[in-house]
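Subject: Structure for you to look at

Hi,

Here is the structure I promised to pass on. Have a look at it first, and then read on for what turned up.

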Amino acid sequence: MIGQPFQIITLTMDGKPVGARYGETLLEVARENNIFIPTLCYFEGLSTLGACRLCLVEVKGWYKLAPACVTMVHEGMEVMTRSERLDRYRRLILELLYSERNHVCSVCIANGYCDLQSLAEKLGIDHVRIPYRYPKFLVDATHDRFVSDNNRCVLCQRCVRACGEIEGAHTLDIMRRGVFARVVSDLDQPWGDSTTCTRCGKCAQVCPTAAIMEKGRSFAEKLERRDLLPYLTTMREEERK
Ligand code: FES
């Protein structure tokens with residue numbers, strides 16, 4: 001908070017000493033220090049969820065791996081953001097995501113604009129060792145501006161959080177669990193019948209794949225304004241002061 005004294009914490013990341021403010025997460029500190037940690041469910045401007053587990057890091061003395069987006073800094077922490085074990089887990093998480101739904105990049109409007117695809121490229125994933133499930137979720141194209149295709153969803157819930165936390169509409173939510181979980185509008189009504197949706201499109205802006213897409217775009221044409229949400233969040237905070 002502006003004008004408030006804050007407590008400085010010192011820790012190491014990948015052997016390098018770094019400073020942090022009390023209450024910061026490991027991910028925030030890593031980003032401030034240009035240290036790459038992969039993320040999928042995290043989105044600046046939205047609450048943190050800790051759902052995808054791609055941001056796992058190792059902390060010395062901790063038996064379990066820690067999700068960097070929801071783990072707060074502590075004095076003297078020794079954090080490793082790269083290791084063989086982490087690479088193995090991150091790769092496995094991505095492979096599980098790819099095998100769980102239908103992600104066919106070559107015919108997708110998000111080709112070239114997809115967070116899942118770019119993470120796979122970054123982490124060197126060129127094949128999936130797990131059998132594909134080939135789910136057959138219904139595609140909801142009843143909305144006049146957007147399409148919801150749960151076959152391409154990674155269940156990061158960015159759309160649900162943007163809809164509730166930023167727009168305040170609470171149209172989108174998650175129904176069912178595990179591999180059967182899917183994004184629904186209102187109480188699983190066709191999106192086009194929704195009386196709560198404001199047609200703002202924030203859900204489409206934050207979707208990491210093409211699970212929610214704007215109509216009228218074709219293959220490899222998904223364009224997003226990723227800076228919009230952090231901007232809106234900052235403006236709201238300024239207004240509240
Ligand atoms: S980014 Fe931390 S769990 Fe998804």
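A quick word on terms before the details: "buried" here means under 20% relative accessible area, "exposed" means over 50%, and "partly exposed" is whatever lies in between. Also keep in mind that this is a predicted model.

Let's start with helix 2. It covers residues 84-100, and its 17 residues should span 24 Å at 1.5 Å a residue; the end C-alpha atoms are 24 Å apart, so the two agree. Which residues of this helix are buried? They are Leu86, Arg90, Arg91, Ile93, Leu94, Glu95, Leu97, Tyr98, Ser99 and Glu100. And what do they pack against? Strand 3 (56-59), strand 5 (78-80) and helix 3 (115-122) are the partners.

Leucine 92 also sits in helix 2, but it is not on that buried list. Its relative accessibility is 37%, which is why it counts as partly exposed. Together with Tyr89 and Leu96, Leu92 makes a nonpolar surface patch of about 250 Å². A bit of background helps here: an α-helix has 3.6 residues a turn, so residues three or four places apart point the same way.

Now the sheets. Five strands make an open sheet with mixed pairing, in the order 2-1-5-3-4. Strand 2 (16-21) and strand 4 (66-67) are its edge strands, each pairing on one side only. Strand 1 (residues 8-13) runs antiparallel to strand 2, and 6 bridges join them; isoleucine 8, for instance, has arginine 21 in strand 2 as its bridge partner.

There is also an open sheet of 3 strands, antiparallel, in the order 6-7-10. Strand 6 (139-140) and strand 10 (212-214) stand at its edges with a single partner strand each, so one side of each has no neighbour in the sheet. Strand 7 (residues 146-149) is joined to strand 10 by 3 bridges, with the two running antiparallel. Serine 148 has isoleucine 212 in strand 10 as its bridge partner.

Last, look at strand 8 (residues 172-175) and strand 9 (residues 182-185), which pair antiparallel over 4 bridges. Leucine 172 is partnered with serine 185 in strand 9. These two strands form a hairpin with 6 residues between them, and arginine 176 in the turn has a positive phi of about 65 degrees.

Cheers

Conventions
Residues numbered from 1 in each chain as written. Predicted model: local features only at pLDDT ≥ 70, side-chain atom pairs only at ≥ 80, totals over all residues. Heavy atoms only, no water. Expected span 1.5 Å × (residues − 1). Buried < 20%, exposed > 50% of the residue type's maximum accessible area, 1.4 Å probe, protein only. Contact = heavy atoms within 4.5 Å. Patch = residues over 30% accessible without salt bridge, like charges linked within 9 Å, V, L, I, M, F, W, Y side chains within 5 Å. Areas by Shrake-Rupley, 256 points an atom, 1.4 Å probe, with all protein chains shown as cover. Salt bridge = Lys/Arg side-chain N within 4 Å of Asp/Glu carboxyl O. Pairing = 2+ DSSP bridges.
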